[in-house]
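Colleague: Before I use any of these terms at the bench, I would like to hear what stands behind them. Please go through them one at a time.

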Amino acid sequence: MTQETSADRREITKQVKIPNSLGLHARPAMQLVDLANRFEASLQIAKGNQLVDAKSIMQVMTLAATQGTKLTLSATGPDATQALAAMAELIAEGFGEE
Amino acid sequence: MKLSEILSHDAIISQLCSDTRDGAIQELLEVLLAADQLSSQGYRQILQALLEREANGSTGFGKGVAVPHCQHRAVKKTALAIGRSTKGLDFNALDKAPVYSVLLLLSPANDHDRHLQAMELVFGNLQRPGFRNALRQASSPKAVLELIAGTEGSEAN
């Protein structure tokens with residue numbers, strides 16, 4: 001049994017910007033969702049007022065995040081910090097695209 | 001952009017003849033060709049691009065829906081075709097479940113932002129269980145268009 005500490009419940013956030021010219025289209029969206037699902041933390045992505053579950057491909061596809069779009073990643077849970085770092089890195093690398 | 005602007009009556013197949021993924025994609029592309037949404041010279045290339053895309057990663061995003069898509073210079077403007085399979089198709093979907101609704105989306109090559117907007121529109125509807133169920137049950141093009149008009153409210157024509 002794991003004990004929940006106050007740190008597990010604290011939400012942390014990170015700002016990112018979509019760098020690649022094609023934006024967050026299906027392939028990168030799937031990469032991001034795949035990555036998110038490797039973590040236990042609850043992960044969300046916000047674009048303006050729109051908030052989606054980072055573990056749901058259907059929801060992530062509704063972001064229509066074009067090149068230059070600013071997103072806020074947020075995470076709650078035991079591996080929240082690692083999850084945000086990994087997601088931010090994948091996005092910063094432009095999902096391996098130009 | 002609205003779904004009703006990118007989907008025409010001619011581009012809805014209420015009962016796909018094919019029972020394979022590739023066959024279904026080809027059927028949907030053929031109706032878009034017949035509706036003059038792409039040049040006949042581009043047809044082969046687009047078909048190949050769509051099938052390659054599936055081979056590299058399924059567009060069966062789960063929950064019985066697939067959204068094969070492609071941006072190509074032979075596409076005149078953003079266009080959607082919808083096909084229904086009552087038997088279900090093997091798309092090697094993310095959740096490994098059969099696909100009952102295939103939404104084929106084509107966009108011109110140059111406008112990535114508009115392509116993403118179209119995807120947003122499609123998935124905004126598909127993520128709702130009520131829409132997915134109604135689409136799976138819509139047994140005529142008219143029923144699909146009515147469903148979409150309903151989601152677009154009183155603005156829809």
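The exchange below takes up the terms used for this predicted model.

Colleague: Why is the contact of Phe61(B) and Phe123(B) called an aromatic pair?

Modeller: Rings pair if their centres lie within 6.5 Å. Phe61(B) and Phe123(B) are 5.0 Å apart, centre to centre, so they pass the cut-off. Over all chains the count comes to one aromatic pair.

Colleague: What makes the pair edge-to-face?

Modeller: The planes of Phe61(B) and Phe123(B) stand at 85 degrees, and over 60 degrees counts as edge-to-face. The pair links distant parts of the chain, 62 residues apart: Phe61(B) is in strand E2 and Phe123(B) in helix H4 of chain B.

Colleague: How do you know whether Phe61(B) is buried or exposed?

Modeller: Buried means under 20% relative accessible area. Phe61(B) has 4%, so it is buried. Phe123(B), at 0%, is buried as well.

Colleague: Why is Arg136(B) said to lie over the face of Tyr100(B)?

Modeller: The charge must be within 6 Å of the ring centre and within 35 degrees of the ring normal. Arg136(B) lies at 3.6 Å from the ring centre of Tyr100(B) and over its face.

Colleague: What makes up the lining of the largest pocket?

Modeller: The largest pocket is lined by 15 residues, and among those nearest its centre are His25(A), Arg27(A) and His69(B). A lining residue has an atom within 4 Å of a pocket point. H3(B) gives the most, with four residues. By class, six are nonpolar, six polar and three charged. The space in this pocket is about 430 Å³.

Definitions and conventions
Residues are numbered from 1 along each chain as its sequence is written. Chains are lettered from A and ligands numbered from 1 in the order in which they are written. This is a predicted model: local features need pLDDT of at least 70, side-chain atom pairs count only at pLDDT 80 or more; totals for chains, interfaces and linings use all residues. Side-chain values use heavy atoms; hydrogens and water are left out. On a 1 Å grid over the protein atoms alone, a cavity is a set of points where a 1.4 Å probe fits but cannot get out, and a pocket is an open set with protein on both sides within 12 Å along at least five of seven lines; lining residues have an atom within 4 Å of a point. Grid points are joined across faces, edges and corners, and a volume is the space filled by probe spheres set on the points. Helices (H or I, at least four residues) and strands (E, at least two) are DSSP runs, numbered from the N terminus. Ala, Val, Leu, Ile, Met, Phe, Trp, Tyr, Cys and Pro count as nonpolar, Asp, Glu, Lys and Arg as charged, and the others, Gly among them, as polar. Rings of Phe, Tyr and Trp (its six-membered ring) pair if their centres lie within 6.5 Å; planes under 30 degrees apart count as stacked, over 60 as edge-to-face and the rest as tilted. Buried means under 20% relative accessible area, exposed over 50%, partly exposed in between (1.4 Å probe, protein chains only).
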